[in-house]
Amino acid sequence: MSRWKKSLLFAAGVTISLLAVCGAPLPAQQASPAPPAAASSSKENAEFTAAADEVLQQMSEITGLKLRTPLKKTLRSREEIRAYVIREMDEEKNPADRYAGARSAEAFGLLPKGFDFDNFMVALLTEQIAGLYDPRAHEFYIADWIPLSDQRMVMAHELTHALEDQHFNIEPWVRAARPNDDAELARGAVLEGSAMAAMVDYLLQGTGRSLKDLPDIDPSMFLGDLGSTPTLAKAPPFIKDALVFPYLSGLQFSVAVLKDRGWDALPAIFDKPPASTQQILHPGYYRSGKVPAEVKLPAIEKVLGSDWTKLEENVMGEFGWKEVLKQFLGQDRAKTLATAWDGDRYAVYEQKNTKRLVLLARLRLASAEQTDRFFGQYSEALEKKHSERSNLLRRPNFFSFETPDGGVFLRCVDTECLTLEGASRNTFDAVNKSVGWPAAPVPPADLTKPPEKVAALAISGDPQRLDSALY
């Protein structure tokens, strides 16, 4: 998984102001070993240990997962957790991978050009932190400045991770989805969503009810005040959405899958994990076994030339494409269009000297009708994405224009679409040929001078004849 995507998943865990349950902040997710604990008073340690043992027993009863080995539990100071978070970010940071991931997000329009991702994430991670479960050291630790009553909420979430780890070995389980980023994100949503679901059952203790008894849950009720975290409040929309997704969409998925059998169904999810974020967003697809189509990209390195380097190749998934569409078309249109996703693959290339980017993506849609709809609306998104355009050419299922950074091309055939940004027409033609499609429409010799026939028809006011002349 791209380093920047890992960082977003990690940040989703340690930003406790992001989500809230009954006024209590959402805890952090699993990570690497923490720094040594600072000295705490004997009374604080005793109270913490007693509370953690009590909550651990309750979470074991709720989930049906028995504690197999003793669990180390430690209080940490703010300074210790902050130092740990920064060190974890540094350890995860492979400069080349982090650079490639951030530039790929930029190519899709998910991050502004020149966005200082590394420094932003460090600021975000150190803004407000609650606690962690470390699957490598099998240790749970929590921030010592949080009141004990709120610590219990953090414990309920993180100790669910601890129990799941003892039964399902969660870190290798998540990594097994690699190199498919979308599938790995889906597994992360299982972990965070199931821990959220367990936390809901923890809240319901003593009411005579459980998650199974509740009507459909609106996950937005768990969204805290983003204004209380200044760094997150000014984050690009994609970063906010990526932080929330594993928790809220993961919760919806867990509720849907656990609804009938309760926690007895949890082991089956780990035995048969979701294959995509589409299955997280649409649990019915998980139950029916609908998996994405495998999509392949043609190699274009030789066409581009030796001065171009491939930065990244992976899968965006329904969640990723929904985010791309949302940037330019809004939430409602993006959600509708993204549900037609049936598979994709993308690659990002960078020119060594100029640092120009080329983005190649191939997308499979669920039907020809939805492909036509995607073509019409994504062509609009591309125009909004590239404000400087010239030589625009629009034909049925083919759309192109020039920008200062290269050509932009979109073509759809049957249930597939190809999009290429930042490259030449020759490169697009090579891609088009590689996938076995017929030749794309050719632009007029001089797009800057409309044929006299078109001008005359426009004066005549006959829209139908004008349309036929253009197409």
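**Exercise 1.** In which loop is the place of Pro179?

Solution. This is a predicted model, in which local features need pLDDT of at least 70, side-chain atom pairs count only at pLDDT 80 or more, and totals for chains, interfaces and linings use all residues. Residues are numbered from 1 along each chain as its sequence is written, and side-chain values use heavy atoms, with hydrogens and water left out. Pro179 lies in the loop between helix 7 (170–175) and helix 8. Helices (H or I, at least four residues) and strands (E, at least two) are DSSP runs, numbered from the N terminus. The peptide bond leading from Arg178 to Pro179 is cis, with omega near 10°.

**Exercise 2.** Classify Leu211 as buried or exposed.

Solution. Locate the residue: Leu211 is in the loop between helix 8 (181–203) and helix 9 (230–233). Apply the cut-offs: buried means under 20% relative accessible area, exposed over 50%, and partly exposed in between (1.4 Å probe, protein chains only). Leu211 counts as buried because its relative accessibility is 6%. Its C-alpha atom is separated by 7.2 Å from that of Val255, 44 residues apart along the chain.

**Exercise 3.** Compare the exposure classes of Lys355 and Asp414.

Solution. Start with Lys355, in the loop between strand 7 (341–351) and strand 8 (357–365). Its relative accessible area is 40%, so Lys355 is partly exposed. Then take Asp414, in the loop between strand 11 (406–413) and strand 12 (416–423). Asp414 has 63% relative accessibility and therefore counts as exposed. Finally, check the backbone: phi is positive, near 65°, in Lys355, a residue other than glycine, and about 55° in Asp414, also not a glycine.
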